Amino acid sequence: MATQTLPASEPPSLASSRRSSFFGVDPASPSLLMKAKRRLSEHRRPSFASLGLSSPTMPSFFKPEPPLPPGSIAHTSHRENTALHALMDTLPTLPSLTPTLPSFNLNLSLPTPSFFCVSGTGYESDSDEDSTTQTQPRHVLEKEVQGDPIKKIVGDVLLTGGYRGSILHDAKTGNRVWIPLKVGFGIRRPDLAIGLDDEDELRSRDTVVPSKMLTSVGGVIDLGKKLKDKLKYHQHLSPVDQNGVHTVRFTNYGYDWRRRLELSSQELVEKLEGLKKASAMRGEGPNGEGEGTTVIAHSMGGLVTLHALSQARDPTIFKAILFAGTPFHGCVNALGPLKKGDGVLFNKDVCSPSVVFSMRSTFYFLPSTGKCFETPDGTELPIDFFDPQTWSDHNLSPVTGHLFDPDSKEKERQRRENRLEAQKAAGGGGLEPNLANEGVGVDGSAIASEVEEVVQEGEATSKDEREPVPASSDKVIGAYLKKTLNRVEKFHQEILDGYDPSKQHLYPPMCILTSQRTPTVRGVMTTSYDSIKDENYDHLLFGPGDGIVLYESAKSLPGRWQNGLVGVEESVHGHVSLLGDLDGVRRCMARLHAAREGRK
């Protein structure tokens, strides 16, 4: 496989500079401002090649970097900081930066202690309108509609996030469970785990309820906030019918991203059916039968959306779909939290390996090709991620290691120790879940969506002292693993089989927003099949992508659904902030509008 290189527009120095931890820097320190300014300067600086010049000769005392592994575009020690990447994506939309530091003026909470302030100042609320748009005269805004594809949306429009991309609340108290700032500092320890029985999952709504999509981090990092604000104010500007209903109706849609995706898919279908029914009652759409909804889905939300389309009795509940960074063909980043867990800020317990293992949604990112592990010479070591025996043999999670080994006191003791350890601290090693949105994080979530928009009033302030739930038995774990892997395979097969050629004219136009500008984990370097079980995911292999999802995984729809794809737009943004790229969203919406016009 030929070695690929990074695009000239993103110098390797920029990619490697993202390795340091964003949350390891005091946001109130001038050093962060200097670092952000330097990153932006590097991002805008032309490369020697782009100027037609040869690179200057380096002094001999600089040791050259070792050659890249076969088929990788970054060194095995590279670590992509998705939060810093998202911050840099956001910076160009803030007040302009000039060469002198005093002019680097951010009218947000980044340079001030309020970024981590538990009082809530410096955080953005989902209920706020777009202040920048709202201050413009109405005639100016109406004029913008003529040229802005986003503001040409008519009818219902729904925005939804991905893995860890929705706000979760305690069903009894209403306090935020995912993710209040106090969790990041270890003041609270919410119980995000779901019992391994089906009844535990179905009863999860008794304890945790979702509300909205996470759209910003501390009012600084844009996960879709500007888009949300535009859509909300577009609704505000839209005409009102005789019943007082706007002709544009925005829904910020959240779901419990921990549960299996077919449940979330069913809930989305029911939501969209209700919106179309309400539209029909107003006499909208062809023959007054109601219009479908324009859905904008980030990351895992795109998998939920496509499955919902494949299973809907009436595909016209969808008017158009924009997929942003959706891992249609898997995302190996999910293996990191399954084996090592994932902490939030200074709290290393909130997403321990056992908690992540109980989140059914994590398994939906497993690559169906079995590709992940390679030897240093590029030899692939494919494994079947959907065979439970694989999880036992290769120790893909400390919960499943040696699960199906012959019984012995030594093996039983080892399994018990592994499972107790799996309930403890997360982190370390290389393969991080920063897929957050979304993220597969699996959506950038491990870094990007923890310090999210509001510290809720009335939130519990005492630390949760609950003891860890005792580890489940081999029998329970084995049954859960088999059932979950079978359901994931069935989910993806239902997407493929759900395409009905006779309904092709009823399916909505679909467009993809993705990126191939950032080194993205595509695999793990190891020495042999036997060494996989001991892997700490320290030596990674990279391909082009958005930092979380590979370009190859996000650029096409599975199976015959590709027939409905009207375009693929590429963004310079990373995974976490793809929906913060309003120009990219506009290009996608322009394609969707043109496709619908072409059908008339």
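Select helix 16 (residues 474-497), where Ile 477, Gly 478, Tyr 480, Leu 481, Thr 484, Leu 485, Val 488, Phe 491 and Ile 495 are buried. Buried denotes under 20% relative accessible area, exposed over 50%, and partly exposed the range in between, with a 1.4 Å probe and protein chains only. Helices (H or I, at least four residues) and strands (E, at least two) are DSSP runs, numbered from the N terminus.

The model is predicted, so that local features need pLDDT of at least 70 and side-chain atom pairs count only at pLDDT 80 or more, while totals for chains, interfaces and linings use all residues. Residues are numbered from 1 along each chain as its sequence is written, and side-chain values use heavy atoms, without hydrogens and water.

**Stop 1: helix 16 and helix 10**

Keep helix 16 selected and examine its length. Its 24 residues should span 34 Å at 1.5 Å a residue, and this agrees with the 34 Å between its end C-alpha atoms. The expected span is 1.5 Å times one less than the number of residues.

Next add helix 10 (residues 300-311), whose axis comes within 8 Å of that of helix 16 and crosses it at roughly 55°. Axes are lines fitted to C-alpha atoms, for helices over the stretch in contact, and angles run from 0 to 180 degrees between N-to-C directions. The two helices are therefore oblique to each other; angles under 35 degrees count as roughly parallel, over 145 as roughly antiparallel, 65 to 115 as roughly perpendicular, and the rest as oblique. Their crossing is left-handed, a term for a near helix turned anticlockwise from the far one by less than a right angle, with clockwise giving right-handed.

To display the contact, select Leu 303, Leu 306, His 307, Ser 310 and Gln 311 in helix 10, which meet Phe 491, Glu 494 and Ile 495 in helix 16. These residues divide into 4 nonpolar, 3 polar and 1 charged. Contact requires heavy atoms within 4.5 Å. Ala, Val, Leu, Ile, Met, Phe, Trp, Tyr, Cys and Pro count as nonpolar, Asp, Glu, Lys and Arg as charged, and the others, Gly among them, as polar. Phe 491 and Ile 495 also appear among the buried residues of helix 16.

**Stop 2: helix 10 and helix 9**

Retain helix 10 and add helix 9 (residues 261-281); the two pack at an angle of about 65°, with their axes 8 Å apart. This crossing is right-handed. Leu 261, Glu 262, Ser 264, Ser 265, Leu 268 and Val 269 in helix 9 meet Met 300, Leu 303, Val 304, Thr 305, His 307 and Ala 308 in helix 10. Of the residues in this contact, 7 are nonpolar, 4 polar and 1 charged. Leu 303 and His 307 take part here and are also found in the contact with helix 16.

**Stop 3: two loops**

Select Asn 287, in the loop between helix 9 and strand 8 (293-298). Asn 287 has a positive phi of about 60° although it is not a glycine. Continue to Ser 299, in the loop between strand 8 and helix 10, where phi is near 55°, again a positive value in a residue other than glycine. Which of the categories buried and exposed applies to Ser 299? Ser 299 counts as buried at 0% relative accessibility, whereas Asn 287 counts as exposed at 75%.

**Stop 4: helix 8 and helix 18**

Move to helix 8 (residues 225-237) and helix 18 (residues 582-599), which pack at an angle of about 55° with their axes 10 Å apart. Helix 8 is thereby oblique to helix 18. Lys 226, Leu 227 and Lys 230 in helix 8 meet Leu 582, Val 585 and Arg 586 in helix 18. The residues of this contact comprise 3 nonpolar, no polar and 3 charged. Helix 8 is mostly covered, with 10 of its 13 residues buried; among them are Leu 227 and Lys 230.

**Stop 5: Ser 166 and Thr 76**

Select Ser 166 in strand 2 (residues 166-170); it is buried, with a relative accessible area of 0%. Pro 210 is 44 residues away in sequence and 6.6 Å away in space, C-alpha to C-alpha. Beyond neighbours within four places in sequence, the contacts of Ser 166 include Trp 178, Met 213, Tyr 253 and Trp 257.

Finish at Thr 76, in the loop between helix 2 (30-44) and helix 3 (82-90). Thr 76 is buried, at a relative accessible area of 17%. Apart from neighbours within four places in sequence, Thr 76 is in contact with Pro 69, Met 525, Asp 538, His 539, Leu 540 and Phe 542.
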